[in-house]
Structures are given as structure tokens and as C-alpha cells.
Amino acid sequence: MDTSPTRLLIHGASGRMGQALLRLAAEQPHACTVVAAVTRRAPAQRVVDGVPHFAATELGGVPAFDAAVDFSLPQGFDAVLGLCVDRGCPLVSGTTGIDAAQQDALATAATRIPLVWASNFSLGVAVLAELVERAAAALPGWDIDIVEAHHVHKKDAPSGTALTLGQAAGSAGQAVRYASLRAGDIVGEHMVQFTGLGERIELTHRATHRDIFARGALHVARSLVGRPPGAYRVRDLLD
């Protein structure tokens, strides 16, 4: 079995998630190594802490990689998806705001490469989604409410994670209601409440540090390598 580190391309390396990915990857050199960090603008330095940096316009010239991790902007999404398809490499993406055409391109790409696009890469949230789906199937007729809280600067409401949990909760056909709170510096809290006559179940996840999302994305990237083409969920890659 190959135990060499997974070679990663980090696309969107100058953003908050990109910086977290670079930092966390450097802390686990036995598991992964970043062979290219891609930023939208030309990098001020070609090599930073041993990692080669490239501008988005140079994407086609990056060295060989085993998987790409993309947290960029919709404007840059098509290029990294196309590169992964051309090279037959897995793609992990948390880029938000992609349009219907880009969603269709993802579905087409999944026939050729393994990929994950997700609104949340927390492994705990992946487990929560599975528990929510099981609870919804076991509790027909119960009311389902999702309450989510984030920092004051988050604009979308409900959050993408809340909507993903809503899809899991609604998989058995029940209607789902949402409530959103924006306050202080809350990283992210999601509570799914199932209410029946005389009883209530609450399933809750609280994020206290944003590193959980980058750590989860690295786990998913390593887990995708060697898998057959397809659109995977984070919860499919927990083992």
C-alpha cells in the first residue's frame, strides 16, 4: 500500500480557508504535501515556506498533484474543475455562489473524476446530517425546525449548512422550518429540533474554531484519491 504523502494543489490559497489549509498541511507532512498554491493575483514570492506559488493564469502549468482543494471564487471555479478533469485528479471544493451551469459542469465532471462539493467540511456536521436523516425517517409527522447562528458578518440566511441539514431532514417528506441568528463572532451553530406530542429531540453541532473546516477538507482530499468517479458527500468519506 502506498503510504507516501498526498500531493495537493490548493486553489484559492490567499483566502482565509486557503491559508488555513496551507498551515494545517504543513503540520502533517507525513499525510500530505502542497505541491502548488494558486492565488488569483501574481504571487509576491514564488516559493513560500517551501511551497511553490502560482497565479490563476498559470494554473495549467502547475506540477503533478493527487488532488485539488478549491476554496476560491465562482470566477475561478471553471478553470480548476477543468484542470482536474483533464488530469484525471479528484477535486474537493467549498467554493460558494456557483451558478446552475457550474453545478451542471460538476455533475458532468463526476462521471470522469471523484469529487466533493460541500457547503461545510466539518466531519462533525457530516455525522449530524446522517443522524438527522435517520431521525426524520423514524419520526414521521413530527415538526422539524432548524435554528442556526453565525457571526454578524455572514450575509446568507439560512446558512448553506442549515439548508444541507434541511435536505437531510426533508428526505422523508416532512416540511422543514428555519430560524437564523447573526450575533457577535459565532463561528457556527446548528440545532435540528424534532418535536412530537409530549417530547422533543435536539441534535446540535457547535463549531468553536474555523480550522475544523480546513481539517475536514484535507481529510476528504486524502480519502478521495484512488476512488472511482462520482459525486461524493463528506459523510461518505468518514472512514
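Is A138 buried or exposed? In this predicted model, A138 has a relative accessible area of 55%. A138 is therefore exposed, since the term applies to values over 50%.

**The protein as a whole**

The protein contains 6 helices and 12 strands. Its C-alpha atoms occupy a box of roughly 60 × 40 × 35 Å along the principal axes. For 239 residues, a compact globule would be expected to have a radius of gyration near 18 Å, and the value of 19 Å found for the protein agrees with this.

Of the 239 residues, 47% are buried. The exposed surface of the protein amounts to about 12000 Å², and 53% of that area comes from carbon and sulfur atoms. Contacts along the chain may also be described by separation: among those with a separation of 6 or more, 67% join residues that are 24 or more positions apart.

**Two helix pairs**

The table below sets out the geometry of two helix pairs.

| Helix pair | Axis distance | Angle | Crossing |
|---|---|---|---|
| α1 (residues 16-26) and α6 (residues 211-224) | within 9 Å | roughly 65 degrees | right-handed |
| α4 (residues 123-138) and α5 (residues 160-169) | 7 Å | about 30 degrees | right-handed |

**Helices α1 and α6**

Which residues of α1 meet α6? From α1 the participants are M17, A20, L21, R23, L24 and A25. Their partners in α6 are D211, F213, A214, R215, A217 and L218. Sorted by class, this contact comprises 9 nonpolar and 3 charged residues, with no polar ones.

**Helices α4 and α5**

The second pair brings the report back to the helix that holds A138, namely α4. Helix α4 packs against α5 at an angle of about 30 degrees. On the α4 side, the contact is made by V125, L128, A129, V132, E133 and A136. On the α5 side, T161, L165, A168 and A169 take part. By class, the contact of α4 with α5 consists of 8 nonpolar residues, 1 polar residue and 1 charged residue.

**A138 and A172**

A further distance concerns A138 itself. A138 and A172 lie 34 residues apart along the chain, and their C-alpha atoms are separated by 8.9 Å. Thus the exposed residue with which this report began belongs to helix α4, the helix that packs with α5.

Technical notes: Residues numbered from 1 in each chain as written. Predicted model: local features only at pLDDT ≥ 70, side-chain atom pairs only at ≥ 80, totals over all residues. Heavy atoms only, no water. Axes fitted to C-alpha atoms, helices over the stretch in contact; angles between N-to-C directions. Helix = DSSP H or I, 4+ residues; strand = E, 2+ residues; numbered from the N terminus. Left-handed = near helix turned anticlockwise from the far one by under 90°. Contact = heavy atoms within 4.5 Å. Nonpolar A, V, L, I, M, F, W, Y, C, P; charged D, E, K, R; others polar. Rg over C-alpha atoms; globule rule 2.2 N^0.38 Å. Buried < 20%, exposed > 50% of the residue type's maximum accessible area, 1.4 Å probe, protein only. Areas by Shrake-Rupley, 256 points an atom, 1.4 Å probe, with all protein chains shown as cover.
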